[in-house]
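User: Please take a close look at one part of this model, the mixed sheet and what packs around it. I would also like to know how the other sheet is built, for context.

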Amino acid sequence: MTAEHPEKLLSPVLSDSWDDDRPWTLDTYRRHDGYKGLHEALRMDSDAVIALVKDAGLRGRGGAGFPTGMKWQFIPQGDGKPHYLVVNADESEPGTCKDIPLLFANPHSLIEGMIIASYAIRCSHAFIYLRGETVPVLRRLHAAVAEAYAAGYLGKDVLGSGFDLDITVHAGAGAYICGEETALLDSLEGRRGQPRLRPPFPAIAGLYACPTVVNNVESIASVPSILHRGKEWFRSMGSEKSPGFTLYSLSGHVTNPGQYEAPLGITLRQLLEITGGVREGHRLKFWTPGGSSTPMFTEEHLDVALDYEGVGAAGSMLGTKALQIFDETTCVVRAVTRWTEFYAHESCGKCTPCREGTYWLVQLLRRIEAGKGVEGDLEKLNDIADNINGKSFCALGDGAASPIFSSLQFFREEYEQHLREGRCPFDPAASTVWADDARGRRGYVPTHQSAQEKGVLA
């Protein structure tokens, strides 16, 4: 990386064809070495494919970072039961936006990865569970699956190997809780999407009570390049314990938001250099390394290595690499309140800590944001979050508590300012993307003025 060419730090693999004409088609995918990884896999023994992915060090890109090859290895062999692969494409956490663009621009990378993974775990029927609101992506997936069938990559006797595979694309009704793997499986089976009690884990009793691998879209889509280019090539990127490339999603108060594919271990400072930095005239206030469910970071964390170990050591989680950037115009209380409202709305209600706790967190946060908080509210806020964290049925409760804890850690003074002044000291309009464009225009009123001072616009 150089000052003149900071983009050289990027490593486009999954996104390499995104700028091509019609990148979602089979022809374009083949021009970029598409399905060569599958040919390599079919020449190998199934267990050898698992060993290769395990040795490459590919870790799950859905949030937890669990080793992908190891998860495949958990599937019992010779048990006489059908095995299933389920791809979790129910991307819906605030700030997370990598899988949907990937599916829209390059669906065949997922399909090829699914064929390889299914071959490895001896699966003859695989599923893609897609968030139902993304209708254009659903249509594109159906078209790509049809292309794969027509080309002989799916169906009976894939490429003459004797291996059979069918893929079903299933559209969910739109529930954040269905991003949790066992709730997804219940939804896929036609039941209400709620987390299951574990054990047994999906590897033993998953879909239809049979051994099941549940993987994220990006995790599976990363597999073909490993088979085609080798584990040494994959390990040449990233860090020792977090090798490879990944998609970082930058949004919010950044000059050029979007998807940036880079080796694991890049820093936010480097990514901001590539993306033009925080919007002109402003400075970074806080940011999330992995979506709204991960503890927030501040300017002091700009040089934290964005891999699983680096972010974990700094006190947060890499999660889905959803880097939400907020500048000094943002009220942290307002931001945390909106996130918590989301978690309260999306709670499935199965367990008391999450169902009741998120409701009370919202009531407290709304009161504080409106300037009506009272002494002791911050302690109560922290206490309720503590009673949810680690005590709910699934990780939704933990995700709801994370921004509470970290915002109180870094911005307690801002919460106290709301209590002292009996109002929110921030103008919400100042944080909008069009706020700075309005400066100097007829009728623009400086954002520090109160509503009473603004009066009637000219």
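Analyst: What follows goes through the mixed sheet strand by strand, then the helices beside it, and then the parallel sheet.

The model is a predicted one. The mixed sheet is open and has five strands, in the order 6-5-9-7-8. Strand 6 and strand 8 (297-298) are its edge strands; each has a single partner strand, so one side of each has no neighbour in the sheet. Helix 15 (residues 332-346) packs on this sheet and touches strand 7 and strand 9. The direction of helix 15 makes about 20° with that of strand 7.

Strand 9 is a good place to start. On one side, strand 9 runs parallel to strand 5, and four bridges join the two. Within that pairing, serine 249 stands opposite alanine 322 of strand 9. Strand 9 also pairs with strand 7, this time antiparallel, again through four bridges. Here leucine 284 has aspartate 327 of strand 9 as its bridge partner.

How much of strand 9 is covered? Six of its six residues are buried, so the strand is mostly covered. In a regular strand the side chains alternate between the two faces of the sheet. In strand 9, Ala322, Gln324 and Phe326 point one way, while Leu323, Ile325 and Asp327 point the other way. Both sets are buried.

Beyond strand 7 comes the edge. Strand 7 and strand 8 run antiparallel and are joined by two bridges. Tryptophan 287 stands opposite phenylalanine 297 of strand 8.

Strand 5 holds a residue that deserves a separate look, threonine 246. Is threonine 246 buried or exposed? Its relative accessibility is 0%, and buried means under 20%, so threonine 246 counts as buried. Its side chain makes a polar contact of 3.0 Å with the side chain of lysine 321. Setting aside residues up to four places away in sequence, threonine 246 touches Arg61, Glu218, Tyr260, Glu261, Ala262, Leu264 and Lys321.

Next is helix 13 (residues 268-275), whose buried residues are Leu268, Leu271, Leu272, Ile274 and Thr275. Viewed down the helix axis, these buried residues fall within an arc of 160°, so they line one face of helix 13. Their cover includes four strands of the mixed sheet: strand 5 (245-252), strand 6 (258-263), strand 7 (284-288) and strand 9 (322-327). Just after helix 13, glycine 276 takes a positive phi of about 90°.

Now the other sheet, for context. Four strands form this open sheet in the order 3-2-1-4, with parallel pairing. Strand 3 (166-171) and strand 4 (212-216) stand at the edges; each has a single partner strand, so one side of each lacks a neighbour in the sheet. Direction ignored, neighbouring strands here are turned by 20° against each other on average. Strand 1 and strand 2 (residues 123-130) pair in the parallel sense over seven bridges. Helix 6 (residues 107-121) packs on this sheet and touches strand 1, strand 2, strand 3 and strand 4. The direction of helix 6 makes about 150° with that of strand 1.

Asparagine 88 is part of strand 1 (residues 83-89) and stands opposite tyrosine 129 of strand 2. With a relative accessible area of 14%, against a cut-off of 20%, asparagine 88 is buried. A polar atom of its side chain lies 3.1 Å from the backbone nitrogen of aspartate 90. Apart from neighbours within four places in sequence, the contacts of asparagine 88 are Asp99, Tyr129, Cys178, Gly179, Leu184, Val214, Asn215, Asn216 and Val217.

One loop residue completes the picture. Glutamate 180 sits in the loop between strand 3 and helix 8 (181-188) and is buried, at a relative accessible area of 15%. A polar atom of the glutamate 180 side chain lies 2.8 Å from the backbone nitrogen of alanine 183. Leaving aside neighbours within four places in sequence, glutamate 180 is in contact with Pro195, Arg198 and Cys394. From glutamate 180 to tyrosine 260 the separation is 80 residues in sequence and 25 Å in space, C-alpha to C-alpha.

How values were computed: Residues numbered from 1 in each chain as written. Predicted model: local features only at pLDDT ≥ 70, side-chain atom pairs only at ≥ 80, totals over all residues. Heavy atoms only, no water. Buried < 20%, exposed > 50% of the residue type's maximum accessible area, 1.4 Å probe, protein only. Polar contact = N/O pair within 3.5 Å; in protein donor to acceptor, adjacent residues only side chain to side chain. Contact = heavy atoms within 4.5 Å. Arc of directions from axis to C-beta. Pairing = 2+ DSSP bridges. Axes fitted to C-alpha atoms, helices over the stretch in contact; angles between N-to-C directions.
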